[in-house]
Amino acid sequence: MSTVRVDPATATMISLIGSLADNKSALGRRYGEWAVSAPTIESAVAAAAMAQDELGHARSTYPVLDKLGVSRPEDPGLDAGHPMFVISQELPDWASFIAANLVVDGILTTFVASARDSSIEPLAQRARKILQEEGAHRVHAEAWARRIGRVGGEDLALLRRRIDEMWAEAARWPGPDSDSGYAEAVAAGMVDSGPAAIRARVRDWLLPLVDGMSLDEPTDWSDWNEQYRR
Amino acid sequence: MSRADETVWEVFARKEYPEPLHHVGTVTEDDEDLALVSARAIYDEQPWIEMIIVPRASIREAIRS
């Protein structure tokens, strides 16, 4: 992927949009792998439907980069991106699936919601379509969190552990709140809120849903890779 | 989590408003919201304009022969 020289706000949006597509592609694959091994046939169908949504979102998001002057391969392939490490391999258990549904999907969708009225019109169009479909993903995540919460015991302890693992990486995805390029993107109306606000929205949604979580604000950015957002 | 405790939901849908709701199938879920997600994902073969789910236990027989 190569880019023309752009201002800091556009550079930040290129990183966010490219990484959004990479992560949606990986999430779609992870959801799809569970379509053949979910705990119930109803869950398997839901996993397959969510996989199809995520892969479709990835496919329709990559072309937004073209509008920002990024030249990229016509068909980069499913393994070409740089997603979060927590979703770059097959998810080991159903609790991981639900944690990814809650945390990774939650962070990405909250970012997309912040771009619903973006001054980058192709992004705003994609955002509105993505948000229509993500409503069902949110309902699925919330319902499974409640179900596991009712069961409690080891199932709930495992879900909490998986959420912690996912949060440790996904919460970093929007980046440090001090990112000046991100602040310029907000000022230019490309998105309506910065990294800390995105994390706060997801935290405010998740904390009442799963008891006993803390979901702290990330503090160590020493190894932060702005391009891959991890 | 045992499936024995889960609720069977009857799924009804229609393609246009003059048409009555038709029975299109069932889903088995203990959670109402998950049942809605499953019904939409499983019975998506038609461009429905309305789909509803009813817990089977709420249905009362008026005639049985």
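Trainee: What percentage of the 65 residues in chain B is buried?
Mentor: Buried residues make up 22% of chain B. A residue is buried if 20 or more other C-beta atoms, placed from the backbone, lie within 10 Å of its own. Please note that this is a predicted model, in which local features need pLDDT of at least 70, side-chain atom pairs count only at pLDDT 80 or more, and totals for chains, interfaces and linings use all residues. Residues are numbered from 1 along each chain as its sequence is written, while chains are lettered from A and ligands numbered from 1 in the order in which they are written.

Trainee: Which helices and strands does chain B have, and in what pattern?
Mentor: Chain B holds one helix and three strands, in the order β-β-α-β along the sequence. Helices (H or I, at least four residues) and strands (E, at least two) are DSSP runs, numbered from the N terminus.

Trainee: Which of those elements has the lowest mean pLDDT?
Mentor: Helix H1 (residues 32-42) of chain B has the lowest, 93, and strand S3 (residues 50-55) of chain B the highest, 97. pLDDT is the predictor's confidence in each residue, from 0 to 100. The average for chain B is 91.

Trainee: Turning to the contact, how many residues does each chain give?
Mentor: Chain A gives 13 residues and chain B gives 14 residues; two residues are in contact if their C-beta atoms, placed from the backbone, lie within 7 Å.

Trainee: Which helix gives the most on the side of chain A?
Mentor: H4(A) does, with eight residues.

Conventions:
Buried ≥ 20, exposed ≤ 12 C-beta atoms within 10 Å, placed from the backbone.
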